[in-house]
Amino acid sequence: MININNVSHHIGKQQILHDISLSLPPAQVIALIGPNGAGKSTLFSLLARLQPLQSGQVSFGIEDEARDIANCEARTLAKTVAMLSQDNQVQGRLRVHELLMFGRYPYHQGRPTANDQQQVDEIIKRFELEPLADRFLSTLSGGQRQRVLIAMIVCQDTPYLLLDEPLNNLDMYHSGRLMRELRALSHQQQKTVVIVLHDINQAAQFADTVVTMKDGRVVATGHPVDVITQKTIKALYDVDVAVLNHQGRPVIVDTA
């Protein structure tokens, strides 16, 4: 479980987040949706301790096992939560399999074991990266690099994954493939996967819980069929849509 209590954030005189309080359930795919500037990426950066909390509290886990990020030791946090931000920049001349091994660093501390190599090999296969494994990152397309970065995050093998716009640069096949893999990680390995998505239909199809945000506030939280409605989409984006139903999941069709 991720507990967010009374979190606010300012940049200069501008308030980005307004007293956010959320309890995000474990072992689910949780999608954050909302317009540009809603505060989703700022909230992510606070959850991953990329920025210090200005107010409030964030913890991962349940009761006695909960880890407060404000005082959690860095190595312990690295084994608890992994994050992919929108502006990941990988420097240096690295091959794909070498980058994935960096995801194992909290465990091997620079001395990879046979188990670390097995983990990397399994993720390469799971994410269909075999043809890319020996290629340098500089030779990859934007979509290929995105898939490799996500695979590196999964290699970190944390109970919590935070992914900010992971579908950037991915085509229809790889977007669907990634979302299915993340759902499998959540449901089969009990990982909590929190994703910022602009593709509302991907959120509707694959998320267990949807959190909507606007102007730095949480608007609604719940199952996609309860949250993704004509009224909600109009309130969030000021767009008129039709909401259809496919196998118990909403499907958004723009009618503008």
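**Exercise 1. Find the residue that follows helix 7 and give the sign of its phi.**

Solution. Helix 7 is followed by Q190. The phi of Q190 is positive, near 60 degrees. Keep in mind that this is a predicted model.

**Exercise 2. Work out which residue caps the N-terminal end of helix 7.**

Solution. Start from the helix range: helix 7 covers residues 172–189. The cap is D171. A side-chain oxygen of D171 lies 3.2 Å from the backbone nitrogen of Y173. A polar contact needs N or O atoms within 3.5 Å.

**Exercise 3. Compare the span of helix 7 with the expected one.**

Solution. Count the residues: helix 7 has 18. The expected span at 1.5 Å a residue is 26 Å. From first C-alpha to last, the helix reaches 25 Å, close to that value.

**Exercise 4. List buried residues of helix 7, then name elements that cover them.**

Solution. Apply the cut-off: buried means under 20% relative accessible area. H174, S175, G176, L178, M179, E181, L182, A184, L185 and S186 are buried. Their cover includes helix 5 (114–126), helix 6 (142–155) and helix 8 (200–206). Strand 3 (29–33), strand 7 (160–164) and strand 8 (192–196) also contribute.

**Exercise 5. Trace the sheet of 4 strands and place helix 1 on it.**

Solution. Read the order: 2-1-4-5, an open sheet with antiparallel pairing. Its edge strands are strand 2 (14–24) and strand 5 (67–68), each paired on one side only. Next, take strand 4 (residues 57–60): 2 bridges join it to strand 5. There F60 stands opposite R67. Finally, helix 1 (residues 40–47) lies across strand 1 (2–11), strand 2 and strand 4. Helix 1 runs at about 115 degrees to strand 1.

Terms used:
Residues numbered from 1 in each chain as written. Predicted model: local features only at pLDDT ≥ 70, side-chain atom pairs only at ≥ 80, totals over all residues. Heavy atoms only, no water. Pairing = 2+ DSSP bridges. Contact = heavy atoms within 4.5 Å. Axes fitted to C-alpha atoms, helices over the stretch in contact; angles between N-to-C directions. Expected span 1.5 Å × (residues − 1). Buried < 20%, exposed > 50% of the residue type's maximum accessible area, 1.4 Å probe, protein only. Polar contact = N/O pair within 3.5 Å; in protein donor to acceptor, adjacent residues only side chain to side chain.
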